[in-house]
Amino acid sequence: LTIIQPRVDRAGPVGTSPLRHDGVDKVTGRALYGIDASMPNMLIGKVLRSPHAHARIISIDTRRAQSMRGVHAVVTWKDLPDPGDQMLAANEQGEAPIRFKALNMIARDKVLYHGHAIAAIAAVDGQTAEEAVKRIDVLYEELPAVMDARAAMAVGAAILDPELRTRNGAAGDRLTNVALHMRVLAGDVERGFAEADVVIEREFTTSTIHQGYLEPHAATVYWRPDGHLLVETSTQAQFGVRSELAGLLQIPPSQIHVTPLEIGGGFGGKTTSWLETLAALLSRASGRPVKMVMNRAEVLLASGPAPGAYLRAKIGATNAGKITAMQVYAAVEAGAFPSSPLPRVAHCAAGLYDLNNFLIEGDEVLVNKPKTTAYRAPASPHCSFAVESVVDELCRSIGQDPLAFRLANAPKEGSLRADGSRFERIGMVECLEAAQSSAHWRSTLDRGSRPIRRGRGIAGGFWINGGGLSSVTARLNTDGTVTLLEGSPDIGGTRTSIALQFAETLGMAVADVHPIVADTDSIPTSGMTGGSRTTFATGYIAHRAALALRERVIAGLAKLWAVSHDDVRADSGLFTAGSRAATLKVAAQLLAGSGVDLSVTLSDRVPGVGPAYAVHIADVEVDEETGRTRVIRYTAVQDVGRAVYPPYVESQLQGGAAQGIGWALHEGYWYDSQGRLKNASLLDYRMPTALDLPMIETIVVEVPNPHHPYGVRGVGEVPIVPPLAAIANAIRDAVGVRVTDLPITPARLSAALAARDGTQGGATAQ
Amino acid sequence: MSTREPREEGRAARIVEATINGDDRGVLVQPWQTLLEVLRDSLSLTGSKECCGNGNCGACAVILDGRLVNSCLVLGVEVAGSDVRTIEGFGSSGRLDPLQQAFLESAAFQCGVCTPGFIVAASALLHANPTPTERDIRWWLAGNLCRCTGYDKIVRAVQSAASSLPEREVAPG
């Protein structure tokens, strides 16, 4: 881990690497995840799911299931109230009417994807529930399935929702699968392209991708006879689950109590509720707690993967190496219901370069696939794949070094953003410079000889990052430690990254801070753990809580010492007034039982988000006989603002890179012609294993976010953005073919190599 | 007691006696229950995780009579008379096993749900090969999926544990 940082005072806890507060629980297997929940006398719930991608439901007959011994409840769409026109709170995928969520939770008149829930059963054990599910008789009328964005936009395509009309579109009152049209124009694109010496345009496709968190969705729910709903679940957003359940079940949020258990990965996929609704309905019907856990096939079929997309990117540049205009079109698959990261496409495509002229357009398209959900920097990997592949071609065309070209066109303070605003201090230039001077970039690559060819590629990535609402409660204990309740589920070390900031501000040891992830009754509403916001925003609120708690201690000591408030000074955890002095621990003892309130609750929206930039360097080895690509060396460079908790910052860079490499080379949803998913297992949905990856080198650049007391920028999402193009560019470098469809499987690459050899007339060309 | 129907000959639950983390236990096991279900649902040993249910992810790895197995692929009734060591059997009286310590100090996990499986699998590796190369480690752990870390820190944790271990301390079982 290399950290490139400005001169800062490194005395405090921020930037150190203590053991995680929850570490021992996690290496001993004691940590309780959503899948580990249990309530006394609980039943097990299972779901009947559609075998068809698109079909009308003629009838559902549950009588045979209902009469089975051991079955205690069967629910269908009839058990879920009609939510009318209420809107669902915005998450990373935007805002949408809650009726779409209701229809996604359980189908009414139509099933819209393979795996769509139709009915749920609670029984004494899982085996009985599964047997009962098989005894639900459903009659379907199959309909043609539309399985990708362009097919769904074609004239005569089957329509998923006859009531859907395009927002911001020109289609008027026509039947359509396009939910939203987006268009962002800046400057004069025509003139920009006219000023270019070279203009390159390419088309790209990416597959539906799953976040691949190891812990499946799970919910354990008890609808108490007094109307209160107890929910134990694995979620990035306990308050989001509460508000969704309130909308879906039409009960007040104050009667819903959500406890977020440990979360076994999420990456955006657990920012919304899944099984909680069905478990609640089953609990109400049976009068008993109900636990539901998806199996892996269900997770892949029927949770919320990231969208597949079609993109077209056109970029012009002068021979001197200056970009003159960029035009991007994206058709993004929403899945079976509206809302997608389409609105992010403009930000993410335009954010990669310093541009005066750009036109970003796109359509959000319904297809017969599961409703998409956020996945780590939603839409940005797609944009980087398209834009950075075209830029690589531009560099080859004008004979420029790809790093030098990017440096000459890097966005910086003052560069135009897609919303018309200007960037504040950002760190893309510093990332590119760090990449340029890295051992990896300066090393010489043995380019191999047939059939083994090696190549090197780079690509950049951008992510807007999130801020928003965060809450903490800090309580000074009589032993001088602090119990710190955090409203943010800890998905990868944020208990500690928040505690580090709190400890530094208050001047105490981080080991004396006891962070706890709070349930919805123990803390004010807090935004989700998502959008790379937790260390940034909840850390900021923790910093403010530490300042407020310090004031409480000062006030208490002033009273105790009979001096004025202003006479008490606090510095590095030491409180002094004249000759009197007390450490925080001593102050805690002195003030114990004094009646001074030594607890602080703070909840606020955090502004001043610092965007994230990253540059990745990939070396690949391609076997031209098999088409197989191996990543042999990889470096991730990223501006993190400030590395509050360095080992876990590095781990975000490495983990995000690994997911991006999987996206580039292995992962994708494979459907048959009827829209049935053929690879719904972790053997066939092929995430990288330890054997597929090299060590992932990291260079952490610190360009502090001026709006955060510790300079923090969000870290977690942008590392997934550059790998797609970095790998594609490295393959281009190795074997001379530009692959524009992901994943770049051996079969795809073999076909591209055959085409190359066909057109070039010889297998040894290059 | 099974409430399923029809009740067939040979489908009755039976008592299975086995040594679990050094304790002799007798458990009522349904014929369809996997070892993983017996561990989690009957014995409350929830450190072994069910993340795929078909042997693809390794999160349920345990040591069965000295062999590394995915407990989701073993039936509960098969372990009668056997010795089973789960993640709960690692470390003793408040002290972590050296591999647990190495994972903790190397920051070799983020969400931690795959961690028990990795530690169990790595212990079997170090038993079979106390001085593994990076490639040995990657090869051995290829049956364990981690989605958070990119494996870098896991590989380093195993290297670190291997270099600090006196031999045999990691003996499974």
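Select Arg312(A) and Tyr329(A). Arg312(A) stands opposite Tyr329(A), a residue of strand β17(A). Keep in mind that this is a predicted model.

**Stop 1: the β16–β17 hairpin**

Now widen the selection to residues 309-317 of chain A, which is strand β16. Add residues 323-335 of chain A, strand β17. How do β16(A) and β17(A) run, and how many bridges join them? They run antiparallel, with 9 bridges between them. The two strands form a hairpin, and 5 residues lie between them. Pick Gly321(A) in that turn: its phi is positive, at about 95 degrees.

Turn on the surrounding atoms and look at β17(A) again. Of its 13 residues, 12 are buried, so the rest of the structure largely encloses this strand.

**Stop 2: across to β18**

Stay on β17(A) and select residues 358-366 of chain A, strand β18. Here the pairing is parallel, and 9 bridges hold β17(A) and β18(A) together. To find one facing pair, show Glu333(A) and Val365(A): Glu333(A) stands opposite Val365(A) in β18(A). Next add residues 342-350 of chain A, helix α10. β17(A), α10(A) and β18(A) make a β-α-β unit, and the unit is right-handed.

**Stop 3: aromatic rings**

Show the aromatic side chains. Over all chains, the structure holds 11 aromatic pairs. Start with Tyr310(A) and Tyr329(A). Their ring centres are 6.3 Å apart and their planes meet at 55 degrees, so this pair is tilted. Tyr310(A) sits in β16 of chain A and Tyr329(A) in β17 of chain A, so the pair ties together parts 19 residues apart in sequence. Are these two tyrosines, Tyr310(A) and Tyr329(A), buried or exposed? Both are buried.

Move to chain B and select Phe118(B) with Tyr151(B). With ring centres 6.2 Å apart and planes at 55 degrees, this pair is tilted as well. Phe118(B) belongs to helix α3 (residues 115-128) of chain B, while Tyr151(B) lies in the loop between α4 (134-140) and α5 (152-164) of chain B, so the pair ties together parts that are 33 residues apart in sequence. Phe118(B) and Tyr151(B) are both buried.

Back in chain A, pick Phe423(A), Phe462(A) and Tyr613(A). Ring pairs link these three into a cluster.

**Stop 4: strand β2**

Select residues 43-49 of chain A, strand β2. This strand is mostly covered, with 6 of its 7 residues buried. Then click on Ile44(A). Which residues are the bridge partners of Ile44(A) in β15(A) and in β8(A)? In β15(A) the partner is Lys291(A); in β8(A) it is Ala123(A). β2(A) and β15(A) run parallel and share 3 bridges. β2(A) and β8(A), residues 117-123 of chain A, run antiparallel and share 6 bridges.

**Stop 5: the largest pocket**

Leave Ile44(A) selected. Add Lys46(A), Gly126(A), Glu37(B) and Asp41(B). Among the 42 lining residues of the largest pocket, these five lie nearest its centre. The volume of the largest pocket is about 1,300 Å³.

Colour the contributing elements. β2, α4 (126-133), β15 (290-293) and α9 (296-302) of chain A, with α1 (35-42) of chain B, each supply at least two lining residues. Which element gives the most to the lining of the largest pocket? α1(B) does, with 5 residues. Finally, colour the lining by class: 18 residues are nonpolar, 14 polar and 10 charged.

Methods:
Residues are numbered from 1 along each chain as its sequence is written. Chains are lettered from A and ligands numbered from 1 in the order in which they are written. This is a predicted model: local features need pLDDT of at least 70, side-chain atom pairs count only at pLDDT 80 or more; totals for chains, interfaces and linings use all residues. Side-chain values use heavy atoms; hydrogens and water are left out. On a 1 Å grid over the protein atoms alone, a cavity is a set of points where a 1.4 Å probe fits but cannot get out, and a pocket is an open set with protein on both sides within 12 Å along at least five of seven lines; lining residues have an atom within 4 Å of a point. Grid points are joined across faces, edges and corners, and a volume is the space filled by probe spheres set on the points. Helices (H or I, at least four residues) and strands (E, at least two) are DSSP runs, numbered from the N terminus. Ala, Val, Leu, Ile, Met, Phe, Trp, Tyr, Cys and Pro count as nonpolar, Asp, Glu, Lys and Arg as charged, and the others, Gly among them, as polar. Buried means under 20% relative accessible area, exposed over 50%, partly exposed in between (1.4 Å probe, protein chains only). Two strands pair if DSSP finds at least two bridges between them. A crossover is right-handed if, with the strands pointing away from the viewer, the path from the first strand over the helix to the second runs clockwise. Rings of Phe, Tyr and Trp (its six-membered ring) pair if their centres lie within 6.5 Å; planes under 30 degrees apart count as stacked, over 60 as edge-to-face and the rest as tilted.
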